[in-house]
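Open the model in your viewer and keep the sequence panel beside it. The stops below say what to select and what to look for there.

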Amino acid sequence: MTESKTRAEGWPAHRVTGVDVWPYRLLDGTAEFLLLHRSGRDGSPFWQGVSGWIEAGEAPHLTALRELREETELEAVELYSVDAVFDLYAWKRGTVEAIVPFAALVAADAEPILSEEHDEWRWGPLDEALRLAPYEPQRAALRRISADILERPDLAHLYRVVVSSEGPEKSR
């Protein structure tokens, strides 16, 4: 169904437009998530992971890596897909937008350097990340990261996104 036909029938267009990336590090086998505080320059301030819009022709996993670099200057040691794509209604644009979440393992000694989008950061355990994340889809993604990757490290390879010179390949 085309976007114009969808809108003509009264339904907003539905498209994949963004990513959420949850950077984490492992210290003595325990995961800590990087929590970023939005500065409020583009709306209300709140805590989140890395988020960003997909650029034209860009694959979501490459957006995740780019946004991680742009917002924190961190590099992913490993990148994982999260089985928790979520939709949001962007009322100002009149669209339903799908956001693709990822988990990004970073070095244990990683220290972010923030872009102007954020004014504060902290490493926190899962329970703190769940408490501070304001939106249920973000909390759902964090719970899936914990259940599918952290609590079952023997199966984490099934979610690992391998980026090679020939293009992306998901382990499963």
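Select helix H2 in this predicted model. Its buried residues are His61, Thr63, Ala64, Leu65, Arg66, Glu67, Leu68, Glu71 and Thr72. Now check the length of H2, residues 60-72. At 1.5 Å a residue, its 13 residues should span 18 Å, and the end C-alpha atoms are 18 Å apart, so the two agree.

Step off the end of H2 to Glu73, the residue that follows the helix. Glu73 sits in the loop between H2 and strand E5 (78-81). Look at its backbone: phi is positive, about 60°, yet Glu73 is not a glycine. Most residues other than glycine have a negative phi. Is Glu73 buried or exposed? With a relative accessible area of 53%, Glu73 counts as exposed because the cut-off is over 50%.

Jump next to Asp28, in the loop between E1 and E2. Here too phi is positive in a residue other than glycine, with a value near 50°. Asp28 is exposed, at a relative accessible area of 83%.

Move into strand E2 and select His37. This residue is buried, since its relative accessible area is 17% and the limit is under 20%. Which side chain does the His37 side chain meet in a polar contact? It is that of Asp119, at 2.8 Å. Show the neighbours as well. Leaving aside residues up to four places away in sequence, His37 touches Pro45, Phe46, Trp47, Glu117, His118, Asp119 and Glu120.

Now for the interior. Display the largest nonpolar core, a set of 20 residues. Start with Trp22, Tyr24, Phe33, Tyr80, Ala103 and Ile149, which touch the most other members. Colour by element next. Strands E1 (13-27), E2 (30-38) and E7 (95-105) each give two or more residues to this core, as do helices H3 (126-132) and H4 (136-150). Which element gives the most? H4 does, with 4 residues. Another core of 18 residues lies apart from this one. Its members include Val21, Ala110, Trp123 and Val161.

Go to H4 itself. Its buried residues are Gln138, Ala141, Leu142, Ile145, Ser146, Asp148 and Ile149. Ile149 was among the residues with the most contacts to other members of the largest core. Test the length here as well. The 15 residues of H4 should span 21 Å at 1.5 Å a residue, and the end C-alpha atoms are 20 Å apart, which agrees.

Stay in H4 and pick Asp148. It is buried, with a relative accessible area of 15%. Beyond residues up to four places away in sequence, Asp148 touches Ala156 and Tyr159.

Finally, zoom out to the whole protein chain. How many helices and strands does it hold? There are 4 helices and 10 strands. Trace them from the N terminus: the order is α-β-β-β-β-α-β-β-β-β-α-α-β-β. Of the 172 residues, 44% are buried. Turn on contacts with a separation of 6 or more: residues 24 or more positions apart account for 65% of them. Then show the surface. The chain exposes about 9300 Å², and carbon and sulfur atoms supply 51% of that area.

Technical notes. Residues are numbered from 1 along each chain as its sequence is written. This is a predicted model: local features need pLDDT of at least 70, side-chain atom pairs count only at pLDDT 80 or more; totals for chains, interfaces and linings use all residues. Side-chain values use heavy atoms; hydrogens and water are left out. The expected span of a helix is 1.5 Å times one less than its number of residues. Buried means under 20% relative accessible area, exposed over 50%, partly exposed in between (1.4 Å probe, protein chains only). A nonpolar core is a set of buried Ala, Val, Leu, Ile, Met, Phe, Trp, Tyr and Cys residues joined through side-chain atoms within 4.5 Å. Contact means heavy atoms within 4.5 Å. Accessible areas come from the Shrake-Rupley method with a 1.4 Å probe; for residues, only the protein chains shown count as cover. A polar contact is a pair of N or O atoms within 3.5 Å; within protein, one must be able to donate a hydrogen and the other to accept it, and residues adjacent in sequence count only if both atoms are side-chain atoms.
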